[in-house]
Amino acid sequence: LDRCDSWDPARVYYPFCWNLQRLITRQLMTNAPDATNRFAVVPDLATGPGQPNPDRTVWTYKIWPDLRFEDGSPITTADLKYGIERMWARDLINGGPSDYFLCLLDRCDESGTPDYQGPYQDPDGLDSIATPDPTTIVFTLTRPYGDFDHLMALPAAAPVPKAKDTGDGYGQRPVASGP
């Protein structure tokens, strides 16, 4: 267990650690074996796959009501949004699969540097992730992307309660949302 690169869902990158991360956190979607023992992306916290608009630039997910963190507090889509936004705080949260997300959910310059700098510097958050209610989350992408459910199966799509985030030390004691 000490060989994992991180226990912070926004930082973990080694695939074997992604599997172990599933003992601590849940994501909107997850990978599970199908009837032929091939892995398929299936809902986890989400009630079903993401619902894209026709050009696949807007993806909407609903999560199950009454989901709870280990301490009994509710898991809401605001916790999912916050957990995902932490990837933009590259001064504190380095590593992880952030390159899959940054320019897909934010404007980036020619060098690939996003405008948003993460929730520690900009607590208003990303405009491209909306949480109209505690069980709905809407992602507006910068370009069409047909495999967005696959990104939502990565550990980085795990909820993080803002009040319990300890920045670069979060991996020392992440708050469990599963299994």
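Contacts in the protein chain often link distant parts of the sequence: among those between residues at least 6 apart, 62% join residues at least 24 apart. The model is predicted. Its protein chain holds 4 helices and 6 strands. One helix, α2, is largely enclosed by the rest of the structure, because 8 of its 9 residues are buried.

**Overall fold**

- Read from the N terminus, the elements follow the order α-β-β-β-β-α-α-β-β-α.
- The radius of gyration of the protein chain is 15 Å. A compact globule of 179 residues would have a value near 16 Å, so the two agree.
- Along the principal axes, the C-alpha atoms fill a box of roughly 40 × 40 × 30 Å.

**Surface and charge**

- Of the 179 residues in the protein chain, 46% are buried.
- The protein chain exposes about 9,100 Å². Carbon and sulfur atoms supply 51% of that area.
- The protein chain carries 16 positive and 25 negative charges. The mean positions of these two sets are 5 Å apart.

**The β1–β2 hairpin**

- Strand β1 covers residues 29-33, and strand β2 covers residues 39-43.
- The two strands run antiparallel, and 5 bridges join them.
- Methionine 29 stands opposite proline 43 in β2.
- Between β1 and β2 lie 5 residues, and the strands form a hairpin.
- Asparagine 37 sits in the turn and has a positive phi of about 65 degrees.
- In a regular strand, side chains alternate between the two faces of the sheet.

**Helix α2**

- Helix α2 spans residues 77-85.
- Its buried residues are Thr77, Asp79, Leu80, Lys81, Tyr82, Gly83, Ile84 and Glu85. Charged residue types appear in this list, including Asp79, Lys81 and Glu85.
- These buried residues pack against two strands, β5 (129-133) and β6 (136-140).

**Close-up: threonine 77**

- Threonine 77 lies in helix α2.
- Is threonine 77 buried or exposed? Threonine 77 is buried, because its relative accessible area is 1% and the cut-off for buried is under 20%.
- Which residues does threonine 77 touch, not counting residues up to four places away in sequence? The contacts are Ile63, Thr131, Asp133, Pro134, Thr135, Thr136 and Ile137.
- Among these contacts, Thr131 and Asp133 fall within β5 (129-133), while Thr136 and Ile137 fall within β6 (136-140).
- Alanine 40 is 37 residues from threonine 77 along the chain. The C-alpha atoms of this pair are separated by 23 Å.

Conventions:
Residues numbered from 1 in each chain as written. Predicted model: local features only at pLDDT ≥ 70, side-chain atom pairs only at ≥ 80, totals over all residues. Heavy atoms only, no water. Rg over C-alpha atoms; globule rule 2.2 N^0.38 Å. Buried < 20%, exposed > 50% of the residue type's maximum accessible area, 1.4 Å probe, protein only. Contact = heavy atoms within 4.5 Å. Areas by Shrake-Rupley, 256 points an atom, 1.4 Å probe, with all protein chains shown as cover. Charge placed at Lys NZ, Arg CZ, Asp CG, Glu CD. Pairing = 2+ DSSP bridges.
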